[in-house]
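Reader: Hey, could you walk me through the holes and hollows in this protein? I'm new to this, so plain words please.

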Amino acid sequence: MELFRIRRTIPFMNYSLVTNLLSLIFFLLAIFFIVTRGFNLSIEFTGGTIMEVAYEQPADLEEVRTQISGLGYSDYQVQNFGTSRDVMIRLPVVENLNTAEQSEAIMGALEQSTNPVEMRRVEFVGPQIGSELYANGLKAFFFVVIGIMVYLGFRFEWKFAIAGIFANLHDVVIILGFFAFFQWEFSLPVLAGVLAVLGYSVNESVVIMDRIRENFRKMRKANTREVINSSITQTISRTIITHGSTQMMVLSMLFFGGPSLHYFAMALTIGIWFGIYSSMFVGTSIAMWLGIKREDMIKAPKTEENTTELVEG
């Protein structure tokens, strides 16, 4: 399906040096902010108090957040679980306050509402569990990266595998750089969003790589630069449809999903835009500089002479 078709091939690779220089600058800045500023880790990673409360009527989450903010909390999470009447509250560790004192203060604020509320569960999550979640998240990330490289290596060719993994790591590191620079809360949903971006970027890279392989068969007189330019140009319509529709859904979560989905949607938004950029400029440019050529993508057919030699041998 195409919204439009561009008749004239756009020379993307003529600007590959400039675009990849910009990517390198963004990449190095992201690493700098990650190293120097670190992440504003959420309660899942740092530990804190988890409360589950139940209302008689559907809970007004904004009212709950206002009541908790009135107690001086800024880093906390409020979300429904199970039904609209059940609410889970995550609170950070507060110096000189234990879990029982925190829960009593929160319940005192919540009980001022006209909607009766009842405490169901309260427990403390230690930082050791948070460290374990953080370590497991890193393991999941590295396993995904290895899996992507193996997949691209089998699906295409090692040069494309290297190009694809650099393009996808480019997206992930820049997302993390944004979160480190602005000190946005880094939570488990954000980690899930980063892993989703990896898969999303791979899909875009595979589409362009498939078109390059197909055009190597069709455009026999064209050189590698011309094949890549033509392949990217031919996939622009598909890119606009796919990423445009995805971005509309993500923006709805960003603006209307509330605090629970805000940073998850932010990670996806950054990933979508940089994913388009990296697939069109970073991955293809690296493959071109590594010397990708027609012989790498298409196996030479067996000649009659070669077949005869094998039979005689």
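Author: Sure. This is a predicted model, and a good place to begin is its largest cavity, lined by Phe-160, Ala-163, Gly-164, Ala-167, Ser-205, Ile-208, Met-209, Ser-279, Gly-283 and Thr-284.

Reader: Ok, which elements give two or more residues to that lining?

Author: Helix 6 (158-182), helix 7 and helix 10 do. Helix 6 gives the most, with 4 residues.

Reader: And how much space lies in there?

Author: About 50 Å³.

Reader: How many cavities of 30 Å³ or more does a search of the whole structure find?

Author: Just 1.

Reader: What does the cavity's lining have by class?

Author: By class, there are 5 nonpolar and 5 polar residues, and no charged ones.

Reader: Cool. Switching to pockets now: what volume does the largest one have?

Author: The largest pocket comes out at about 380 Å³. It is lined by 19 residues, and the closest to its centre are Tyr-76, Gln-77, Glu-185, Pro-259 and Ser-260.

Reader: Which elements give two or more residues to the pocket lining?

Author: Those are strand 3 (77-81), helix 7 (188-218) and helix 10 (259-289). Helix 10 gives the most to this lining, with 6 residues.

Reader: What about the classes of residues in the pocket lining?

Author: You'll find 8 nonpolar, 6 polar and 5 charged residues lining the pocket.

Reader: Where does the pocket lie relative to the domains?

Author: Between them. Domain 1 (12-39 + 129-295) and domain 2 (48-125) both give residues to the lining, so the largest pocket lies between the two.

Reader: Hang on, why is domain 1 written with a plus sign?

Author: The domain assignment lists domain 1 as two stretches of the chain, 12-39 and 129-295, while domain 2 is given as 48-125.

Reader: Got it. How many Å separate the centres of the two domains?

Author: Taken over C-alpha atoms, the centres of domain 1 and domain 2 are 38 Å apart.

Reader: And how many residues are in contact between them?

Author: 5 residues of domain 1 are in contact with 7 residues of domain 2. Together the domains bury about 380 Å² between them, with 45% of that on carbon and sulfur atoms.

Reader: How many salt bridges does the rule find across that interface?

Author: It finds 0 between domain 1 and domain 2. The structure as a whole holds 8, though.

Reader: Can you show me one of those?

Author: Take Glu-62 and Arg-65, which form a salt bridge with their closest N and O atoms 2.8 Å apart.

Reader: How many residues apart are those two in the helix?

Author: They are 3 residues apart in helix 3 (residues 61-69), so about one helical turn separates Glu-62 from Arg-65.

Terms used
Residues are numbered from 1 along each chain as its sequence is written. This is a predicted model: local features need pLDDT of at least 70, side-chain atom pairs count only at pLDDT 80 or more; totals for chains, interfaces and linings use all residues. Side-chain values use heavy atoms; hydrogens and water are left out. On a 1 Å grid over the protein atoms alone, a cavity is a set of points where a 1.4 Å probe fits but cannot get out, and a pocket is an open set with protein on both sides within 12 Å along at least five of seven lines; lining residues have an atom within 4 Å of a point. Grid points are joined across faces, edges and corners, and a volume is the space filled by probe spheres set on the points. Ala, Val, Leu, Ile, Met, Phe, Trp, Tyr, Cys and Pro count as nonpolar, Asp, Glu, Lys and Arg as charged, and the others, Gly among them, as polar. Domain bounds come from an automatic or database domain assignment. Contact means heavy atoms within 4.5 Å. Buried area is the accessible area (1.4 Å probe) that two parts lose on being put together, summed over both. A salt bridge is a side-chain nitrogen of Lys or Arg within 4 Å of a carboxyl oxygen of Asp or Glu.
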